[in-house]
Amino acid sequence: MSTFAVSALLEASAGLAVQVNEQGHIVAASLKSADVLEYSRDSLLQCRLADLVTGQDQDHFLRAFHLAWEHGSASTQPLQFSKGLTGSAWLELRLVVLNTEGAASLVVYGQDVTAWKQNTDELSREILRDPLTGLGNRLMVREELQLAIERTQSQNTHIAVAILDLDGFKKINDSLGHDIGDELLRQISKRLKAAVREHDIVSRVGGDEFVIVLPNLSTEKEARSVATRILTTIQQPIPLAGHQLQMSTSIGLALYPQHGSSEADLMKNADAAMYRAKEQGKNAYCVYNSEIGIQKEHALAMELSMFQAIRNGEFDLHYQPICRAMTREVIAVESLMRWTHDEQDVPPAEFIRLAEENGLIHLLGGWALRTAAMQLSQWDSVGLRLDYLTVNVSPVQFLHPGFPATVYKAVQDSGIEPHRLVLEITEGALIRDPKKTEAVFEELKAFGVKFAIDDFGTGYSNLRNLKRFPLTSLKVDRSFVSEVCESSNDQAIVSLILLLAKELGLTIVAEGVETEAQLSFLVERGCTYIQGWLVSRALPPHVLEERIHSGKLKLGS
Ligand code: C2E
Ligand code: CA
Ligand code: CA
């Protein structure tokens, strides 16, 4: 091929098109090539093509260059070229050997893929990034942890994986709004980044959950001191929208290689350790150990037994009297679930939480509603007349689409009047999803069942807001009652609740009354109803009947 023909060939190409000799020097270049790389054609003709390729891509280029000479042609992935004085362009190359006037030379075509490359880079960054905080996300941290494990295999160092979950974040989000919640997460992200070394990886993997990977640690002690530092920074007050928020976090730590050799195991064990930190009272860190692993197995085994227990009828309802404060006459009962497993009583707080997590609460809660309604009807039929009976409803259960239907069915099948069934709901349930909650209330209100707010005083609800719900009573949480004789703070709270309840036309049931002194205080302040061990614990139905028949408990209806 003549030199003239080669230059025509080069000019015909829409992208970069240069001819290089065996030493790699550019011997001819199209006018368009000058445009693509923003150099004059003269300067191009003074360079080796490899000099225009930026550092890390030169090896790739040279490999393709040699391959082309060997095989007659080669092509490359996008390579980064310097463009003009400061810019860069991404070119995908095709190299073809030509015979020009007896001597071999190489023609290199380059297609400018800069825009495409930037786009895909941006996209892959997006995929790995948490848009709210700009930190990496779960995908990114898993990939980074995997890489860190590969790098550490040949070294004698440790990696720590820290999983953090903010304590009580949901309450803040629910009560102060999502905008403040979002801003809080951004501020926390900044603090976390500031608390670790530059090459540590901080990511947000879910609502208020963060994962930090600390590579290159020489001892476990270093991981512990980072965890302590994080606890301290998070605890510093955060000024936000006129509030001084005080946050804390629970941290679970798992170390490579001692607590797991794979990314998945490390994440799983750090998570188990984090739950342990929560159980131990929050605002703390916990390092994984095999005992935690065993406890987790225990929870899994328990979950399995729970399925079987429902089938085997291991669950029971006990009933605790609700009484007039002045006379101690029983006017109603609260049903409380009991589970005897392997001859041991499993605390309701424990199995209810588990059932909420594994979804069995719908089944269990439905069973409780039915059983309680049937019991009330059965007591009616033997002349043991109670005003009403309450059933505890967990927030998860309340918001389940099938819930109202479960309630109708329980009431209809038992034949009791709907207003004699009172559902106990905590304040938390009201603020979890207010719109949906109100819709469920409306539906059930039309049907006629009533509601009580359980554990009142522990949440954030505004008393006046409660007006729109079909409530019969507020149940003052046991924690206020238990110290009402000693704590002037609790006295003030209880008195205030009593006053406001009167204003709203609601009755108050004080929970957990254990002593005469507590009862006197409550009666004096005008509390009409009480519940507690002073009068009676929760009893199996036949024991309750016996106590009433024997006069140990007086009926007040
Ligand atoms: P809760 O609804 O606040 O129930 C009152 C708890 O206080 C019961 O604990 C009761 O036995 C206990 N209690 C009553 N009087 C006294 C007292 O004078 N002193 C003391 N120290 N304790 C008293 P229990 O039965 O262990 O239930 C714990 C929690 O489990 C309940 O708190 C409720 O949130 C949940 N729960 C129980 N049964 C059910 C159920 O059927 N469904 C749902 N969703 N939750 C339930
Ligand atoms: Ca209750
Ligand atoms: Ca309660």
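Reader: What spacing do the donors of the calcium ion (ligand 2) follow along the chain?

Author: The spacing is E-x57-N-x31-E-x29-D. Donors here are N, O and S atoms within 2.8 Å of the metal, or 3.2 Å for Na, K and Ca; water is not among the atoms, so sites may look incomplete. The model is predicted: local features need pLDDT of at least 70, side-chain atom pairs count only at pLDDT 80 or more, and totals for chains, interfaces and linings use all residues. Residues are numbered from 1 along each chain as its sequence is written, chains are lettered from A and ligands numbered from 1 in the order in which they are written, and side-chain values use heavy atoms, with hydrogens and water left out.

Reader: What makes residues count as protein donors of the calcium ion (ligand 2)?

Author: Their distances. Glu-334 (OE), Asn-392 (OD1), Glu-424 (OE), Asp-454 (OD) and Asp-454 (OD) lie 2.1 to 3.2 Å from the ion. The calcium limit is 3.2 Å, so they qualify.

Reader: Why is the site of the calcium ion (ligand 2) called irregular?

Author: Look at the angles. The 6 donor atoms give angles of 43 to 171°. Six donors count as octahedral if opposite donors are over 155 degrees apart and all others between 65 and 115; four count as square planar by those limits, or as tetrahedral if all angles lie between 85 and 135 degrees; anything else is irregular. An angle of 43° falls outside the octahedral limits, so the site is irregular. For comparison, ideal angles are 90 or 180 degrees for six octahedral donors, and 109.5 degrees for four tetrahedral ones.

Reader: Which residue bridges the calcium ion (ligand 2) and the calcium ion (ligand 3)?

Author: Asp-454 does, and the two ions lie 3.8 Å apart. Glu-334 is in strand β14 (residues 330-341) and Asp-454 in strand β18 (residues 450-456), so this pair ties together parts 120 residues apart in sequence. Strands (E, at least two residues) and helices (H or I, at least four) are DSSP runs, numbered from the N terminus.

Reader: Which protein donors does the calcium ion (ligand 3) have?

Author: They are Asp-454 (OD), Asp-455 (OD), Glu-511 (OE) and Glu-511 (OE), at 2.2 to 2.5 Å. Their spacing along the chain is D-D-x55-E.

Reader: How do you know whether Glu-334, Asp-454 and Asp-455 are buried or exposed?

Author: By relative accessible area: buried means under 20%, exposed over 50%, partly exposed in between (1.4 Å probe, protein chains only). Glu-334 has 4%, so it is buried. Asp-454 has 7%, so it is buried too. Asp-455 has 26%, so it is partly exposed. Asp-455, in strand β18, also has a positive phi of about 50° although it is not a glycine.

Reader: How many aromatic pairs are there, by what rule?

Author: There are 12. Phe-65 and Trp-69 form one of them, 6.1 Å centre to centre with 80° between the planes. Rings of Phe, Tyr and Trp (its six-membered ring) pair if their centres lie within 6.5 Å; planes under 30 degrees apart count as stacked, over 60 as edge-to-face and the rest as tilted. So Phe-65 and Trp-69 are edge-to-face. Both lie in helix α5 (residues 58-71), 4 residues apart, about one turn of the helix. Phe-65 is buried at 7%; Trp-69 is partly exposed at 23%. Elsewhere, ring pairs link Phe-315, Trp-339, Phe-351 and Trp-367 into a cluster.

Reader: What makes Lys-117 lie over the face of Trp-90?

Author: A charge sits over a ring if NZ of Lys or CZ of Arg is within 6 Å of the ring centre and within 35 degrees of the ring normal. Lys-117 is at 4.5 Å from the ring centre of Trp-90. Arg-537 lies over Trp-533, at 3.7 Å.

Reader: How do you know what helix α12 should span?

Author: The expected span is 1.5 Å times one less than the number of residues. Helix α12 (residues 290-312) has 23 residues and should span 33 Å; its end C-alpha atoms are 32 Å apart, which agrees. Its buried residues are Ile-292, Gly-293, Met-302, Ser-305, Met-306 and Ala-309. Just after α12, Gly-313 takes a positive phi of about 70°.

Reader: What is unusual about Lys-282?

Author: Lys-282 has a positive phi of about 65° although it is not a glycine. It lies in the loop between α11 and β12 (285-287). At 41%, Lys-282 is partly exposed.
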